[in-house]
Amino acid sequence: MKDSDVKNIKHVINGNYLVIPIETGYIKPGDDLSSIINPARELMKDGDYLVIAETPVSVSQNRLIDEAEYSPSLSAKFLTVVWSKYLWGYILGPLLKIKKRTIKNLRKLPKQTEAHKEVVLQLYGLKHALKPASEAGIDLSNAPGTCVSLLPENPEKVAKEIKADIEKDVCVMIIDTDATYMKNGKYFTGLPIAIEGIEADKGFFGYVKGQLSQNMGSTPLGCSEKMDVETALKIANIAEDYQKSLSTEMKTIHSVKAVLGSEMDEVTIEDLDSITHTPAVIIRKI
């Protein structure tokens, strides 16, 4: 594709970069990623970046958990009500100056969160369950019914396979909106996985340390190329900037009803497929 052809394609400019969205329907459990790969192959040129959100990759891998199948233990109830809702919502959150939106959401945690905490405890352990929100990168907002999606399995391998399918000299990156932080020149995240150069799996302790560090934005989970962390973060955040501009963004469980008109635990695949999704963007230096 010639640069002049971009005029006829939906895009935005972000600084020195061109951002081209790849729009799809809802990528369902077990689907392949051809709805991302095929347009990427058509639109991309050598040197471009393809940045993909983690959830569609996870859902395509069938990494869904039905939280209705989990009965909350006393530990899960304590972590939800006492620890997250009250201690973090009213004391630690304001003290550490976490986002006002996060504090507001913690103060109105629904009862279903107790089962969610039980899932985190069983699958990832106390280190991640102690985090008041966004534990272990589990996504509650883009899955049907009472299901949630875990992080993708081996995102680096997936990124390399997608690059091979595109058959061009491009870089493919899979990202999560959960933060990477920097302190004393070192990068870290609470998420269980991240690219080389970002210390991962810090859980709650990374989250607390992160509140006293510099928030560097979205976390690259896997990449088809070896990249320095600074460049990877820059590209990831350009992609995230575009996602934030969308009216259909469902960043938290509290935005689900506003976008789909359904309560969180009543969302169907048909509901999810009723809106346009932007699971990936192409980023090109201009």
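Leaving aside neighbours within four places in sequence, which residues is Ile166 in contact with? In this predicted model, the partners of Ile166 are Ile37, Ala40, Arg41, Met44, Leu50 and Val172, once neighbours within four places in sequence are set aside. Ile166 also belongs to the largest nonpolar core, a set of 25 residues. Leu33, Ile36, Leu50, Ile52, Ile162, Ile166 and Val172 are the residues with the most contacts inside this core. Two or more residues each come from strand S2 (17–24), helix H1 (34–43), strand S3 (49–53), helix H7 (155–166), strand S6 (171–183) and strand S10. A second core, separate from this one, has 24 residues, among them Val51, Met216, Ala236 and Tyr242. As a general background to such groupings, nonpolar side chains in soluble globular proteins tend to be buried together.

Strand S2 deserves a closer look. Seven of the eight residues of S2 are buried, leaving the strand mostly covered. With strand S1 (residues 12–14), S2 pairs in the antiparallel sense over three bridges, and here Ile13 has Leu18 of S2 as its bridge partner. The hairpin of S1 and S2 has two residues between the strands, and Gly15 takes a positive phi near 65° in this hairpin. S2 also pairs with S10, again in the antiparallel sense, over seven bridges. Leu18 takes part here too, with Arg284 as its bridge partner in S10.

Within S10, which spans residues 277–285, lies Thr278. The relative accessible area of Thr278 is 10%, and this residue is therefore buried, the cut-off being under 20%. Beyond neighbours within four places in sequence, Thr278 is in contact with Pro21, Ile22 and Glu23, as well as with Tyr242, Gln243 and Leu246. Of these partners, Tyr242 is a member of the second core.

Helix H4 (residues 100–107) offers a two-sided picture. Its buried residues are Thr102, Ile103, Asn105 and Leu106. These four lie on the same side of H4 because they cover an arc of only 165° around the axis. The spacing of such positions can be read against helix geometry: an α-helix has 3.6 residues a turn, so residues three or four places apart point the same way. Lys100 and Lys104, by contrast, are exposed on the other side of H4. What do the buried residues of H4 pack against? Their packing partner is helix H3 (74–96).

Conventions: Residues are numbered from 1 along each chain as its sequence is written. This is a predicted model: local features need pLDDT of at least 70, side-chain atom pairs count only at pLDDT 80 or more; totals for chains, interfaces and linings use all residues. Side-chain values use heavy atoms; hydrogens and water are left out. Buried means under 20% relative accessible area, exposed over 50%, partly exposed in between (1.4 Å probe, protein chains only). Contact means heavy atoms within 4.5 Å. A nonpolar core is a set of buried Ala, Val, Leu, Ile, Met, Phe, Trp, Tyr and Cys residues joined through side-chain atoms within 4.5 Å. The arc is that of the directions from the helix axis to the C-beta atoms. Two strands pair if DSSP finds at least two bridges between them.
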